[in-house]
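Please open the model in your viewer and keep the sequence panel beside it. This tour proposes one selection after another and describes what is found at each stop.

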Amino acid sequence: MDRTQQHITIGPADVRVFEDGAALAAGAAAMITSFIRQEVTKAREADGRLVSVAMAGGSTPVATYGRLATMDIPWSGVCAWVGDERYVPPDHEDSNGAMIGRSLLDRAGARFLRVPWAADRPAHEAAALYEADLLASMGEDARGPRPDLILAGMGGDGHTLSLFPGSEALDITDRWYVATEVAAGQPWRLTATYPLAHRATAVYVLVSGESKAPTLAKVLRPTGDQPLPARRLMEGAAPVSWLVDRAAAAGLDLP
Ligand code: 6PG
């Protein structure tokens with residue numbers, strides 16, 4: 001059931017507003033399920049490749065993953081990966097891969113590419129290895145890889161994936177997945193870059209809660225000339241849908 005309360009366009013942004021966090025989780029799960037079913041059917045009729053889905057980290061998507069765990073999804077036709085990861089052991093409490101596995105993929109039957117962490121492996125080396133795994137796992141065209149769906153969140157500072165304001169990773173144009181040193185939490189993170197995100201068939205950004213309202217307003221209705229990292233997801237060809245609850249949308253001055 002589509003529980004979208006409001007579907008609007010703000011500049012390049014497709015925005016779907018849901019009543020609250022529970023409705024957002026249900027609505028996002030419905031959209032993700034529909035996308036995966038459609039793309040797995042197309043892939044199976046074409047070349048049999050796996051549909052490439054980047055899973056979002058952080059806390060916002062946990063409720064959505066819980067709803068997805070109850071849905072009938074052809075996970076055997078999916079190769080899932082992490083849009084970004086903290087560079088920590090796979091069982092660490094901060095690991096996005098561990099959260100995603102616990103919430104959904106440990107029981108779903110999808111192929112799930114996890115970051116190759118090792119105590120004696122620098123983050124940059126892990127990023128290069130993971131980038132190679134991703135390139136081997138997803139479709140491509142003459143200009144590079146073509147992920148199918150990227151799920152992402154947005155931090156209170158306007159970061160997305162692990163692309164933080166002021167980071168050198170924001171300006172990378174010749175890599176698809178990199179290591180980046182951040183001030184937040186774990187010092188090293190691995191992240192998809194804009195070149196990869198921009199080549200997705202679809203990007204869904206999940207934003208929930210009143211604490212995100214001021215930042216979401218700056219991202220979707222910018223007043224300054226320096227776009228926040230989350231807004232830059234919309235600089236490529238990939239259509240970006242912002243799946244938000246009413247609390248997070250409070251600053252958008254909706255009709
Ligand atoms: C991470 C995420 C990050 C997250 C935002 C929002 O590794 O933390 O990938 O980009 O999506 O920080 O986090 P919350 O959903 O916890 O607010």
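Begin by selecting Phe 18, which is buried, with a relative accessible area of 0%; buried here stands for under 20% relative accessible area, exposed for over 50%, and partly exposed for what lies in between, with a 1.4 Å probe and protein chains only. Phe 18 belongs to strand 2 (residues 13-18), where helices (H or I, at least four residues) and strands (E, at least two) are DSSP runs numbered from the N terminus. Add Ala 247 to the selection: although 229 residues separate Phe 18 and Ala 247 in sequence, their C-alpha atoms are 9.1 Å apart in space.

Before moving on, keep in mind that this is a predicted model, in which local features need pLDDT of at least 70 and side-chain atom pairs count only at pLDDT 80 or more, while totals for chains, interfaces and linings use all residues. Residues are numbered from 1 along each chain as its sequence is written, and side-chain values use heavy atoms, with hydrogens and water left out.

**Second stop: strand 3**

Select Val 53 next, in strand 3 (residues 51-55), where a relative accessibility of 1% makes this residue count as buried. Contact means heavy atoms within 4.5 Å, and, if residues up to four places away in sequence are not counted, Val 53 touches Ile 36, Val 78, Cys 79, Ala 80, Trp 81 and Leu 149. Now show Met 138 as well, which is 85 residues from Val 53 along the chain, with 9.2 Å between the two C-alpha atoms.

**Third stop: the ligand**

Which pocket holds the ligand? The ligand sits in the largest pocket. A pocket is found on a 1 Å grid over the protein atoms alone, as an open set of points where a 1.4 Å probe fits, with protein on both sides within 12 Å along at least five of seven lines; a molecule sits in a pocket if more than half of its atoms lie within 2 Å of its grid points.

Display the residues around the ligand: 14 residues surround it, and the closest are Ser 59, Thr 60, Asp 84, His 159 and Leu 161, a residue being near a molecule if one of its heavy atoms lies within 4 Å of it. Three distances to oxygen atoms of the ligand can then be checked in the viewer. From the side chain of Thr 60, an N or O atom is 2.6 Å from an oxygen atom of the ligand; from the side chain of His 159, a polar atom lies 2.7 Å from a ligand oxygen; and from the backbone of Leu 161, an N or O atom lies 2.6 Å from a ligand oxygen. The ligand taken alone exposes 410 Å², of which the protein buries 87%.

Stay with Leu 161, which is found in the loop between strand 9 (149-152) and strand 10 (177-181). Leu 161 is buried, with a relative accessible area of 7%, and has a positive phi of about 50 degrees although it is not a glycine.

**Fourth stop: residues that touch Asp 84**

From the ligand, go to Thr 191 in strand 11 (residues 188-192), a buried residue with a relative accessible area of 0%. Setting aside residues up to four places away in sequence, Thr 191 touches several residues, including Asp 84, Leu 161, Ser 162 and Trp 176. A polar atom of the Thr 191 side chain lies 3.0 Å from the backbone nitrogen of Ser 162.

Then select Asn 96, in helix 3 (residues 96-103), which is buried at a relative accessible area of 3%. Not counting residues up to four places away in sequence, Asn 96 touches Gly 57, Gly 58, Asp 84, Glu 85 and Arg 86.

**Last stop: helix 6 and the loop before it**

Is Glu 210 buried or exposed? At 65% relative accessibility, Glu 210 counts as exposed, and its place is in the loop between strand 12 (202-207) and helix 6. Leaving aside neighbours within four places in sequence, Glu 210 is in contact with Ala 247 and Ala 248, and its C-alpha is 7.2 Å from that of Ala 250, although the two residues are 40 apart in sequence.

Follow the chain into helix 6 (residues 213-220), which is mostly covered, with 6 of its 8 residues buried; among them are Ala 213, Leu 216 and Leu 220.

Technical notes: A polar contact is a pair of N or O atoms within 3.5 Å; within protein, one must be able to donate a hydrogen and the other to accept it, and residues adjacent in sequence count only if both atoms are side-chain atoms. Accessible areas come from the Shrake-Rupley method with a 1.4 Å probe; for residues, only the protein chains shown count as cover. On a 1 Å grid over the protein atoms alone, a cavity is a set of points where a 1.4 Å probe fits but cannot get out, and a pocket is an open set with protein on both sides within 12 Å along at least five of seven lines; lining residues have an atom within 4 Å of a point.
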